[in-house]
Amino acid sequence: MVIRLMATVITVMNMKGGVGKTTVAMHLGGILSRYELRGKRRRALLIDYDPQFNLSQAFLPAKKYFELESSRKTTIAILQDEETNLDPFQLQVPGNMEPPKIGDLAYSLFSPQTGSGLDLIPSTLDLMYIALGQSDKRTEPIEERFHKFISACRDEYDVIIIDCHPAGSIFTKTSLRNSDHVIIPVAPERYAVRGIGLMMQFIKAKQLGTSGPEAHILFNSVPRKGTAREEILIRANSRFKDNCMTNTLKWYKAFSDPMEGKGFVWMSRKPYSTLAFINLMAVVRELIDRTNL
Ligand SMILES: Nc1ncnc2c1ncn2[C@@H]1O[C@H](COP(=O)(O)OP(=O)(O)OP(=O)(O)O)[C@@H](O)[C@H]1O
Ligand SMILES: [Mg+2]
């Protein structure tokens, strides 16, 4: 009997930059694929949907990254045909509505045992052409390709995690449209509330009519002792309080160490940073429950 998976799609998003989107995406993917939690290990796909390609750099040695980028095994291939003339001022819409096959793009980072593992589709700076491109035609073919690609991925993974860039664009729109859940990392600082307000409005706009993604606010880089005033205020705000996760991700240097596939708290057998690992596990367990993963 063939058991078909039906992946949960999670976008990590906040229009405000530098709040921990990439950090959350990489560690969530790592834990879910590597550890047995709530009775299973998961097959996870990470999609780098940010032209800055920070998520790709965290996992791939430079040589490997350039090899994948030059053979077009990156997110841009989902959206655009190879022969497309990339022009920052005039977006060319792909003539072909069929995205590539998952197996042609997904790079296996590790697969500890059958039925679990972590794959990555790296990003490329060339995505900027699409982010900036003013379309005089309609962008539907690009949106359709992304939708078809994610739908196909749902059959092959348990969880798909999209690290989305911090701006409003066709990337934001397509990733919200195709997600079941949105994790909004929030660094508790003075202007954090603006970023959350904007995100919640984007998500609500999507929820009208169809069932849109569910939002989960994750406070990140919080002090290990005490609670920041901004966090208290956001939790007390009636617009946000139901969406706030109970657990927070604290500031640990170890969370910022990953580079070229090394330095992950969940990777080595000996404790890399035990406290950071325990903190991360608590956050991931809560996410599993909230998203029914
Ligand atoms: N919990 C944490 N503890 C320590 N450092 C952290 C933590 N979360 C994030 N950082 C560090 O903060 C910086 C910003 O994080 P990250 O790159 O994940 O943010 P981002 O939201 O993806 O940024 P961008 O908007 O540029 O995509 C990075 O240097 C990262 O290593
Ligand atoms: Mg990022």
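These are legends for a set of close-up views of a predicted model.

**View 1. What sits around ligand 1.** Count the shell here and you get 18 residues around ligand 1, with G17, K21, T22, T23 and S256 as the closest. Two elements each give two or more residues to that shell: helix 1 (21-34) and strand 7 (214-222). Helix 1 has the largest share, at three residues. By residue class, the shell around ligand 1 splits into ten polar, six nonpolar and two charged.

**View 2. Helix 1, from end to end.** Here's a quick sanity check on the geometry: 14 residues at 1.5 Å each should give helix 1 a span of 20 Å, and its end C-alpha atoms are indeed 20 Å apart. How many of the 14 residues of helix 1 are buried? The count is 13 of the 14, so the helix is largely enclosed by the rest of the structure. Helix 1 also turns up in the largest nonpolar core, where it gives the largest share, six residues.

**View 3. Helix 7 and its buried face.** Helix 7 covers residues 140-154, and its 15 residues should span 21 Å at 1.5 Å a residue, which agrees with the 21 Å between its end C-alpha atoms. The buried residues in helix 7 are I142, R145, F146, F149, I150 and C153. Look down the axis of helix 7 and these buried residues fall within an arc of 125 degrees, so they line one face of the helix. What do they pack against? The partners are strand 1 (8-12), strand 2 (43-49), helix 4 (76-79), helix 5 (102-105), strand 5 (159-164) and helix 8 (170-177).

**View 4. Zooming in on F149.** This one belongs to helix 7. F149 counts as buried because 24 other C-beta atoms lie within 10 Å, and the cut-off for that label is 20 or more. Setting aside residues up to four places away in sequence, F149 touches I78 and P99. For a longer reach along the chain, take N178: F149 and N178 are 29 residues apart in sequence, with 10.0 Å between their C-alpha atoms.

**View 5. I160 and the largest nonpolar core.** The largest nonpolar core holds 76 residues, and I160, I161 and I184 touch the most other members. Leaving out neighbours within four places in sequence, I160 is in contact with A7, V9, L45, I47, I150 and C153. Two of those names may ring a bell: I150 and C153 are among the buried residues of helix 7.

**View 6. Y129 and its contacts.** Y129 is part of helix 6 (residues 127-132). Is Y129 buried or exposed? It's buried, because 21 C-beta neighbours lie inside 10 Å. Apart from neighbours within four places in sequence, Y129 is in contact with L86, D87 and P88. Q90 is 39 residues away from Y129 along the chain, and the C-alpha atoms of the two are separated by 8.8 Å.

**View 7. Positive phi at R38 and F53.** Neither residue is a glycine, but phi is near 50 degrees at R38 and near 45 degrees at F53. Where do they sit? R38 is in the loop between helix 1 and strand 2, while F53 is in the loop between strand 2 and helix 2 (54-59). Their surroundings contrast: R38 is exposed, with 9 other C-beta atoms within 10 Å, whereas F53 counts as buried, with 24 C-beta neighbours inside 10 Å.

How values were computed. Residues numbered from 1 in each chain as written. Chains lettered and ligands numbered in written order. Predicted model: local features only at pLDDT ≥ 70, side-chain atom pairs only at ≥ 80, totals over all residues. Near = placed C-beta within 6 Å. Helix = DSSP H or I, 4+ residues; strand = E, 2+ residues; numbered from the N terminus. Nonpolar A, V, L, I, M, F, W, Y, C, P; charged D, E, K, R; others polar. Expected span 1.5 Å × (residues − 1). Buried ≥ 20, exposed ≤ 12 C-beta atoms within 10 Å, placed from the backbone. Arc of directions from axis to C-beta. Contact = placed C-beta atoms within 7 Å. Core = buried A, V, L, I, M, F, W, Y, C linked by C-beta atoms within 7 Å.
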